[in-house]
Structures are given as C-alpha cells and as structure tokens.
Amino acid sequence: MTETTPNHTQTVKGWAARDSSGKITPFVFKRRRNGAEDVTIKILYCGMCHTDLHNARNDWGLTTYPVVPGHEITGVVINVGNNATEFKLGDKVGVGCLAASCLKCEMCQANEENYCDDIQLTYGGIYWDGSITYGGYSTMIVSHKRFVVKMPENLPLDAAAPLLCAGITMFSPMKQNGMLDQPGKRLGIVGLGGLGHIGVKLGKAFGLHVTVISTSSSKEDEARRRLGADDFIISTNIDQMEAARKSLDFILDTVSAQHPLGPLLELLKVGGTLVLVGVAEKPLPLPSFPLLFGRRKVVGSLIGGMKETQEMMDLCGKHNITCDIETVKPEGINEAMERLAKNDVRYRFVIDIASSSSNGVL
C-alpha cells in the first residue's frame, strides 16, 4: 500500500489523527485525479460516527496513521468522469462507508457490496490503485460512481449526512427482516443514540408500533415527545420488562457496550427476531433457553449495499426524515470527539466543512 501514486495530483486540506492519542490536527494530502468513472465532490458536511473515534484512537488495533476519518459525507459534484453520466455538475450527493469492492463477486452482483470479501472503506482502506483511502474530514473527495448516492433536494445536507451511516445501518435490517411492509407490527429499539433515534423515525414512517428500550429514564420524554415513540421501557426495571414480555415482533439492538441479551429475547414474541447492529468489543453471552422456548432468532446486520442506500435516502426524502444534529466547525472536532466519547450529543455531530478557516488551525 502507498499514501499516493503518480495519479494523486490534487492537493486537499483535511484533518487527521497522527497517533493513538486520537487528537485531530490539520493535514494536507493528495487525492487522485478524477477518472472516467469518478465524480469529484466538494465536501460541505461530514457526520461524526463513533467509528471515527475508535479509529482515531486505534481502539481496535487496526488503524494506519495518519487517518482522516469520516464516512457520512455530503456535498456537491464539481467534476464528472466521461463514464459517470448518471451525475452532473452541481448535483447534491453523498458518500457513505464504502469506497470500493471487487464488483464481480456474488455479493457485488446482488448489489450487496457491503458483504464483498474485498470491501474497502472510505477511510483506512486500500483502494484499487493500492493507495490508502482518506475520509470526509476534508474539503474534497474523489469517488467511483458506484459508491455515490444522490441526495433528495428537500433534505438539508447537514442533517442528512449521518443517514449515510446511521440511516442505512437501521434501514437495512428493517428491510431485510420484513419490517417495511408490515404496519402495526411491534418494533423495539435498544438504545436512543445516533442509531436509535433514526430507528424510531424510520419505524414510525413505516407504520410500526415503536418501543424504546433504555437504561436511562431521562430519555423517555424525548423518545415519546420529540421522536414519537409509542412506548418506553427501562431495561433495568424488572417490573416493566416482565410486563412487556412476549410483546415485540422485532428488536434492533444498537448498543455497542457489553450487555445481556437474555432479557431482550424474552421481550420477543414466539418467532421474533433480535437484530444486532452495535459492535460490542467482547462477545455477548447468548442464552439458549429464550431461543429454544420461543423459536426466536438472533441475526446481525452491517450497513447496506449501494442500491439499498439509495432506496433508504429516497424514502427519507419522501418522509422528510433527517437526523437530529449539532454542527461543529473543524476547529471544534477535538472537543466534539471528547463529548462523543461520553455520549454527550443529541444525537449526532456534523462537521461544517465549508466553514473551515483559511489557515485550518484546530
């Protein structure tokens, strides 16, 4: 792998972590020239995901420094390759978690590039030319047309940016498990954060009865009043958990910390499905009795393919679904990272890239 190739001729201003301290500092680097199947995007906004924090601090031991985080990117097209006629100058577009895949395997042929064995991520991956990918904490990005989505005209690009990760993370398992066309079914969402709050909005848009399951009683008012949840369960309250036993058809579990699955499984009806979308650092214990005695299923889900991502974005445009965000300027990234580590945000930070000062000092 290499940082650049002779084709990397475009100088770009960005912000990167250089070591496991995770501190983000200005970083000038090169991006490739726009190819025949590429579009070049002026980045206006980039959401901040917990994954950015983990990678900046090398929490998973996989980071290659310097790392330019960011995979919730929105902006406008400023250059179009000859074979990328799906796009035109000035289009509002987005780039999510994927930068490349093999395009040939069974998964790619089925438009499920996210499950390709050769998947390469928007940052920290190895592109087809052997160069390291850099993400959206930067002023411009060049992307292959396959991995670019068109943004609905009615959605603001700042509040829509996190849909490219948080949105598709919640939408894909809802679609894959039949939640989109069964209004009246009962969905539980564990955790009311960046993922969970979008899950509530999507669930309500598709006519589901939505229950938020949380350890924090302080979130009940915002779950019901701000987001429209139908019910709220405090997962540490034994009486509430018992009263809700066998009441849910589906559960989307967004929690990335260690937590017991047994009590959640007991909330499912016979034949119900628990979908894990949070990334726990250690294996979660899975008790067999709630599975056996309820014919319940536990499955996992990882973002979505590009066709599914475009479908999600179009539906969010139709239902006017966006994320609840707090915008920060590039010079405020480090403070936002510290707050993100404490879950001190409702519900997603988004960097206003276009507001970056001329000297780029953080």
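**Cavities**

I began with enclosed spaces and found that the structure holds two cavities of 30 Å³ or more. I note here that I am working from a predicted model. Rolling a probe the size of a water molecule over the atoms shows where empty space is left.

I took the largest cavity and read off a volume of about 210 Å³. Its lining comprises 19 residues, and R31, R32, T133, Y134 and V142 are the closest to its centre. I then asked which elements give two or more residues to this lining. They are β2 (24–32), β6 (98–100) and β8 (140–144). The largest share, four residues, comes from β8. I sorted the lining of the largest cavity by class and got nine nonpolar, six polar and four charged residues.

I went on to the second largest cavity, with a volume of about 70 Å³. I listed its lining as V95, G96, C97, L98, F147, V149, L164, I168, I303, G304, M306 and T309. By class, I have nine nonpolar and three polar residues here, and no charged ones.

**Salt bridges**

I looked up the salt bridges next and recorded 20 of them in the structure.

I picked out E338 and R57, whose side chains meet in a salt bridge at 3.0 Å, N to O. Where do the two partners lie along the chain? E338 is in helix α11 (residues 333–341), while R57 is in the loop between α1 and β4, so I have a link between distant parts of the chain, 281 residues apart. I checked how open each one is. E338 has a relative accessible area of 42% and is partly exposed. R57 is also partly exposed, at 23%.I turned to E311 and K175, which form a salt bridge of 2.5 Å, N to O. This pair, too, links distant parts of the chain: E311 sits in helix α10 (residues 306–319) and K175 in helix α4 (residues 166–176), 136 residues apart. E311 is partly exposed, with a relative accessible area of 26%. K175 counts as partly exposed at 35% relative accessibility.

I then looked at D324 and R226, where the closest N and O atoms of the salt bridge are 2.8 Å apart. D324 lies in the loop between α10 and β16 (325–328) and R226 in helix α6 (residues 220–226), so the pair ties together parts that are 98 residues apart in sequence. Is D324 buried or exposed? I have D324 down as buried, because its relative accessibility is 16% and buried means under 20%. R226, at 41% relative accessibility, counts as partly exposed.

I made one more entry under this heading: K185, D249 and K269 are linked in a network of salt bridges.

**Surface patch**

I searched for nonpolar surface and noted a patch of about 330 Å² made by W60, L62 and V279. I placed W60 in the loop between α1 (50–56) and β4 (73–80). W60 is partly exposed, with a relative accessible area of 34%.

**K13**

I closed with K13, which I found in strand β1 (residues 8–17). K13 counts as partly exposed, at 23% relative accessibility. How far is the C-alpha atom of K13 from that of L268? I read 49 Å between the two C-alpha atoms, for residues 255 apart along the chain.

Note on methods:
Residues numbered from 1 in each chain as written. Predicted model: local features only at pLDDT ≥ 70, side-chain atom pairs only at ≥ 80, totals over all residues. Heavy atoms only, no water. Patch = residues over 30% accessible without salt bridge, like charges linked within 9 Å, V, L, I, M, F, W, Y side chains within 5 Å. Areas by Shrake-Rupley, 256 points an atom, 1.4 Å probe, with all protein chains shown as cover. Salt bridge = Lys/Arg side-chain N within 4 Å of Asp/Glu carboxyl O. Buried < 20%, exposed > 50% of the residue type's maximum accessible area, 1.4 Å probe, protein only. 1 Å grid on protein atoms, 1.4 Å probe; cavity = no way out; pocket = protein on both sides within 12 Å on 5 of 7 lines; lining within 4 Å. Points joined across faces, edges and corners; volume = space filled by probe spheres on them. Nonpolar A, V, L, I, M, F, W, Y, C, P; charged D, E, K, R; others polar.
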